[in-house]
Every structure is written in C-alpha cells, then in structure tokens.
Amino acid sequence: MRMRGVMALAASAAIVVGACSNNGASTAPSSTAAASAAATAAGSAAASTAASAGPSLPTELGSTQGQTINVLAWPGYVENGSTDKTVDWVTDFQKQTGCTVNAQIFGTSDEAYTLFSTSPEQFDVISASGDASLRLVRGGFVQPVNLDLFKSYPDIFPALKNKPYNTVDGVAYGVPHGRGSNLLMWRTDQVTPAPTTWAQMFDPANGYKVSIYDAPIYIADAAVVLMKTKPELNIKNPYALDDTQFAAAVALLNQQKPAVTQRWVDYLKQMDDFRAGNANVGTTWQIITNLLQGETPPAKVDVIKPTEGATGWSDTWMINSKTKNLACAYAYIDYLTSPEINAKIAEWFGEAPGNSKSCALTAAKDHCDIFHADDDAFWQDVWYWQTPTAECVDGRTDVKCKGFDDWIKAWTEIKG
Amino acid sequence: MTTTAPDLPTPARPSPSVRRRGAAWLHRHSHLRLALILALPLAWLGVAYLGSLVVLFLNAFWTTDPFTSLVVREFTLDNFGQLFTTSVYRTVTIRTVVMATLVTATCILLAYPIAFYMAKVASPRTRSVLAVAVLMPLWASYLIKAYSWRLILSQGGVLDWALKPFGLSGPGFGDAAVWLTFTYLWLPFMILPIFAGLERIPTSLLEASADLGGRGWITFRRVILPLSIPAVVAGSIFTFSLTLGDYIVPGLVSTTQFIGNVIFINVAQDLPLAAAYSLVPLAIMLIYLLVARRLGAFQAL
C-alpha cells in the first residue's frame, strides 16, 4: 500500500516535469519558431540518414534574431576582442544578425569530442579537426548541412572539399575552415644550431628540454619521423600503423621520454614554459609562436616546419544535430568562412585560410604564400589529424591496424 | 527522552491556527519530525553521492566503441583485467601511494612541532596569531596556490633565485616539486587536528608525569605521543586522501602521471576503464580508514 503510494507520487512528478519541458519548448518566441522547426526537421533528417538515399536538408533557416549559439572552438578561432581589442569577429556579427555568440575553447580533439558528446545539447557549432569530425558524424552528434545555404562555400579551396573527414557517403557535414601544420619551435638563445628535423627532438643526446603535445594523436608525430629514418618499416600513412610499425613508434616515444620536460594541452602553459626556459624545443602551433614573439619584450623563439613533413589539421565547422538555433549556426559559419573574416582568423591563428578569396584580403600580402594556401605540393607531407581505425586508413587490407582505443592505451603507457 | 507527550486536554483557546496545530502534532510524533528534518540531507547523500558512486561502479563493467569512444553497455571484466595485466597502472598506483605516504609523513614532521607549540607553549595571544597564520592559506584558492608553486619552482624562478647565492638551484619540475607542493597545500589539514588533539590533553597529566619523575622527553614519549596518535592519524586521512586523488598539481609541476591523471585522461577517452581505475583509490582509502578507525582516529575528529 505504502509502496504504491510512493510510486504514484513518482509518476505524478514525472508527468509534471514532462509537462513543464513541453511547455518550455512551445513557448519559444515566434521569431525563432521557424528556425527551430527547421532544426527539428534537420535533426530528424540526421536520424534517418541511414534509411533514405539522401538526408532532407534544411532549405529555409528563418530569422536569426534573438538566438544564442554556443561555439566550441580551437583557441583563436572565435575571438570577441577579449584577447586583443583589435581581434574581434563576434561583435560585428552579433550586431548584424541579432545572434549572441558564446565561445568555449578546447586544447585537444579528444577534449572537444568529450565535451560535445557528453553534453549533446550544449554546443551548437564546433570547429572539428579530422580526428574528431568522423567520430562526431558516426556518433550522430552533428548534422548534414545544405551547402547551398552558405554564400562562402563556392569560394572554398577545392582541395578541402569533399574529403573523408568532412563528407561521409557523399553527404557534407560542414564547411572547411582552414588547414595548418604542426611546427617545431625552439628558443633561439638557448638552442644552437637551430634544429631542422623532428628527429633531433626525439634524440635525448641533443640535450634539449622538449615540450610535446599531450594527446594520443601525438604518436603519429613519431610515425612521421620513422617514415624518414626507418624506411624499412614502410609506413605510408602515420595514422595507419600495423603492429610492427606501431611498436616502433611507441619505442621512439619511449626513447624521447628522458628529454621531455613538459607535455602541453593548454597552449598558455606551453607559452609559460618557453618563456621560463623549462622547455626550449617543442611541437607547437604558429599562433603560439606569434603570441610569444608579440610580447614585450619578445620571447626569443622561432619556428619551422621540419624536413620530414609534419602532422597537421584540416578543420571543419560543424553543426549539432540537436541545435535549436540553426539560423544563427548557419549564419555564423558562413560569416567565419567568408573571405574577409576567414582571412583574419587565418592570420591570427597562423594557418592557411579555407576561402580562396581570403588570400587577397590578408593584412600581410604574402600570408597565403607563406602558409601555402594554394600550393597542393606543400600539403603532400602534411598529415592531417584523423582517427586511426582497425581497418588501415591507408587502404591496406592484408593487415590489421591499431585502432584509436589502442592509441589511447599506448599513450598512457608511454607517459608511464 | 523520546516518550510521546500524553494527550493532555487542549487549553481552552478559541481556534488554534493551522500552524500551531501542525506544530503540536509534530511535537507528538517525534520520529516523523526527525524523518522530516533529515529527509533532504539524506536524500542528497543517497542520490547525489551514493548514486553517483553506483553509476561509476556500473560503468566499470562496460566497454567502449573503439572508434567513437562512446560507452557500450556490454558486460565485461576487461577493464579490471587490464588494471592487473598492464604494468603502467600498477606503476602509477604504487607511485601515487608512495607519494601520498611521503607527503603525509612530511606533513606530520612539520605539523607536530607547530601544533605542539600552539597547544602547549604559546601564550593565548601568540596562539591566536598562529591559528590565523595556519588558516590563512585556506582562504586562497587551491589553484592559485598550486600555480604560485609553479612560479616558485620554475627554472629561474623564485627558488632558483634565492638559492643562487649559495651556488645551489631548486629541484625544478618533477617528482620533488610535486612532493613540495602537496606538502605545502595539505599542511593546514594536518596541523589543525593535531592541535585540537594536543589541546585536549589535560595539563594535569603532564604535571603528574613530572611528579613521577618523568623528564620532558619521557613525558612526551610515554604520555603525549600515545594520546595524540589518534589526532595524527585523523590528520593523515586528509593529507593521504587528498594526495591520492589530486591530478592538477602533478600536471602543473611535473610530467609524471598519478592515479588522478590517468583517470582524468580516460574519462574523456575510455570511461569504463577510468571507472574501474577509480575504484583502486577507493579501495585503498577504505583500507586506510579501517586501519585509522582501529587507531582511534574517529574519536579525534
């Protein structure tokens, strides 16, 4: 009797809660009603992708007025003037569209993926590198996009379009943003002669204090070195490592370990360690070097892309499959990839823009030349981050490769 | 104490308000009153605390999708198997326990004299000044203190600068830095229980010991120390468990992994493994608390 009473209470509580949340959804301001309807349509489209030939994509987005979007982005991709007053691609957009943009930054693709997947309704838009984008698509966290709704899309470099990390089964899941290469930074006053290869950074005999990126995907950096130093291993793609190749990469990282004084995820921490001299050689991003050189007094650092080639990234702006703010999500992605703004971000972050018209609009006229925006040969030896899978991503079918779960475990073991 | 009030005839009042009648009713039903008072905190403890532990425990038996890293609800004991077969987890566990023991021992050595001085030697005025000095660091955020140790220990930092005239340099980042930072951070948690424990020892006992011919050292060893052991153990529960679970300090002042770091990184990448691994410090703490209970630490809290 008593038990039944408790259950009845619980049931009625559930009904009340359910009613409240229904109520919340249906009282959205009328201006956003169209957009949320579109979002719902897109959401259900994403869910039924597997069943039908092509997803039904949104064709109308409705008004952007009053929508708020939360953007999960790499540091430097969404700047609102708080880092540097002149660096701002949020304020004007908000004025133009009536959208409100909140940004949260992340340090690794794994962090981004965890944030996005564990709170699936929190973020509307994400800048996903190749080692997060496919996981987001497979997990159903992001939705297919209607490329016709982006004014910027026709101007995106063809080399970035329709790639395995942004398009699945012919369905596009976002707009390419730009690409870059991981670089080698060193303290010019402490390290002479200047390093020219990654291999030097992996050899403790050089006496460097090494700062490396703290994520399983860094194993690929060791594989890039092995592609040059141990051709007999026959590594064709640093993300497709069979047992022998993987063991060699892990061994190389273990060899490097005595020299490692710092592993970074937070770029501010790496800056800190280079400033103080706790690290003097390391893997970095152009933006970190730019920020250090821009300090007063400027930190004595320089940066190169080593001779072996490098790992790198090609990023895509993607939209949450559950977003209620589709109009602003589309509008902001279009804004970020537009010629002028994409040029600004590319210069601020230090990468090649995704929009071909951006090259004419950069403050430094040779930016696109320096970053090889349209030089496909340059990108031949830049291995964009991608998620390793048991089916080798280089197309080999005679062996099994190590999947990302193995990479994760190996990374814990390397750190010891 | 708990006998219900006999039903006295209600005093002749026109119409007692609902509130008054409710209060009177509750007064007669003391068990219900207690239940109502405790319901909220107990529900909080049950749902938020024990509930999350149960969820954690369940997660430890699941697995993940190798590609998306999402939790797949398939029963497996693999996670526990890995903890035993992969040497890195053993190494990290041992390292963490050793670090926690070291930090605890150092904290006891530093805290005991301070607490003793505060409790038995200092004038009331000095005592309150010292109490404020011990408590003061607790007003600052844990993160600020951890970061300031990063600055102190950094190459060319404060410590290097201070030691330079003597031809020495600081330990730099590494295990020693972790040990120093933890010792600093948790010291107040050791001083306060020992201080409270020592203060409770009646001065008459010390006088009795002196009357019986006990010199200072004998009195300390035979009277004060045994009586303060529970307080020391109580303090060590704090320092030991806080060190066992921390992952921020090692990340700031070293590149070494401790239990907390491995759990933290795996929460993102392999939640079931993280859940399984987090049962390890839980088990260690359980054993520690059982031993502490035998040593009488809970009477000292």
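**Figure 1. Strand pairing in a five-stranded sheet of chain A.** Two strands pair if DSSP finds at least two bridges between them. Helices (H or I, at least four residues) and strands (E, at least two) are DSSP runs, numbered from the N terminus. This is a predicted model, in which local features need pLDDT of at least 70, side-chain atom pairs count only at pLDDT 80 or more, and totals for chains, interfaces and linings use all residues. Residues are numbered from 1 along each chain as its sequence is written, with chains lettered from A and ligands numbered from 1 in the order in which they are written. The sheet is open, has mixed pairing and follows the order β9-β8-β10-β7-β11 (chain A). β9 (260-264) and β11 (301-304) of chain A are the edge strands; each has a single partner strand, so one side of each lacks a neighbour in the sheet. On average, neighbouring strands are turned by 25° against each other, direction ignored. Strand β7 (residues 183-187) of chain A runs antiparallel to β11(A), joined by 4 bridges. Met185(A) has Val303(A) in β11(A) as its bridge partner.

**Figure 2. Helix α9 on the sheet of chain A.** Helix α9 (residues 267-276) of chain A touches β7, β8 (210-213), β9, β10 (281-284) and β11 of chain A. Contact requires C-beta atoms, placed from the backbone, within 7 Å. The direction of α9(A) makes about 150° with that of β9(A). Axes are lines fitted to C-alpha atoms, for helices over the stretch in contact; angles run from 0 to 180 degrees between N-to-C directions.

**Figure 3. Surroundings of Ser356(A).** Ser356(A) sits in the loop between β13 (352-353) and α13 (367-370) of chain A. Ser356(A) counts as partly exposed because it has 19 C-beta neighbours inside 10 Å. A residue is buried with 20 or more other C-beta atoms within 10 Å of its own, exposed with 12 or fewer, and partly exposed in between; C-beta atoms are placed from the backbone. Beyond four places in sequence, Ser356(A) touches Asp155(A), Ile156(A), Phe157(A) and Asp374(A). Phe157(A) is 199 residues from Ser356(A) in sequence, yet 5.5 Å away in space, C-alpha to C-alpha.

**Figure 4. Side of chain B that touches chain A.** Contacts link 21 residues of chain B with 25 residues of chain A. α4 (87-121) and α12 (259-269) of chain B are the elements giving two or more residues to this side of chain B. The largest share, 4 residues, comes from α12(B).

Notes: Two residues are in contact if their C-beta atoms, placed from the backbone, lie within 7 Å.
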